[in-house]
Amino acid sequence: MDNHLRALRAARGWSQQHLAERLEVSRQSVNAIETGRYDPSLPLAFRIAELFELAIEDVFVSPSRG
Amino acid sequence: MPVSPEIKRYTVRLLSVMTLYGVTLVGVNLWFRYATPTGVLAYVAAVLPAVPIALVFVVIGKLLVEMRDEYIRAQMVHDLLIVTGATLSITTAWGFLEGFGLVAPTAHYYVATLWFALQGVAACVRGILRSRERSVG
């Protein structure tokens, strides 16, 4: 699933490791989500959106809407 | 990278179970060598070393339940399925080889040994893939 995670993270000057620590996941998880190799569960997707104080659809691109 | 609490618990549990396996295996071998049990007791004694091996699967299951990182858990489930499929395929092929008299019969407990060996291979492959991810990511 496409997402804006890398851009959002870069805008805040956070490393993947820093974001991973904030989300309490591994750095590999952040990398896999950013590169679209892994679609997070809804609870994790909400945690990501809430961390950036955005709506979930502002972070993740709906596959049906492209 | 710090080791997560669930991995620490898994390591302690695995080491405990493997120690139990070693003690049971040596104990049962000595038992059969110096005071061979008979009757039902012989059957119970003979399967005792299988108990810690079964517990290894419980330990792995507990790790899956306790693992908080869903991506790593998904990778682990993926690897477990591949390793289980490969083990069943290889042992099925081996069974046919045995059936046609092309290889000598092998003790069934080697199935678990093969599964653990393939887990080791999977862990190595996963480690290589992760180091590649690090260099790319």
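Here is a short walk through a predicted model with chains A and B, going from the layout of chain B to the place where the chains touch and on to a shared core.

Let's start with chain B on its own. Its domain assignment splits it into domain 1, residues 1-67, and domain 2, residues 69-137. If you take the centres over C-alpha atoms, domain 1 of chain B and domain 2 of chain B lie 20 Å apart.

Now turn to where the two chains meet. Eleven residues of chain A are in contact with eight residues of chain B. On the chain B side, helix H4 (70-99) and helix H5 (110-136) each contribute at least two residues. H4(B) gives the most, with three residues. What is the chemical character of the side of chain B that touches chain A? Five of its residues are charged, two are nonpolar and one is polar.

Next, look for the nonpolar residues. In soluble globular proteins, nonpolar side chains tend to be buried together. Here the largest nonpolar core has eleven residues, and both chains take part: chain A brings A:Leu5, A:Leu19, A:Val25, A:Val30, A:Ala32, A:Ile33, A:Ile48, A:Val59 and A:Phe60, while chain B brings B:Tyr71 and B:Ile72. Two elements give two or more residues to this core, namely helix H3 (27-34) of chain A and H4 of chain B. The largest share, three residues, comes from H3(A).

To finish, zoom in on one member of that core, A:Leu19. Setting aside neighbours within four places in sequence, A:Leu19 is in contact with A:Arg9, A:Trp14 and A:Val30. Of these partners, A:Val30 is also listed in the core.

Technical notes
Residues numbered from 1 in each chain as written. Chains lettered and ligands numbered in written order. Predicted model: local features only at pLDDT ≥ 70, side-chain atom pairs only at ≥ 80, totals over all residues. Contact = placed C-beta atoms within 7 Å. Helix = DSSP H or I, 4+ residues; strand = E, 2+ residues; numbered from the N terminus. Nonpolar A, V, L, I, M, F, W, Y, C, P; charged D, E, K, R; others polar. Domains from an automatic or database assignment. Core = buried A, V, L, I, M, F, W, Y, C linked by C-beta atoms within 7 Å. Buried ≥ 20, exposed ≤ 12 C-beta atoms within 10 Å, placed from the backbone.
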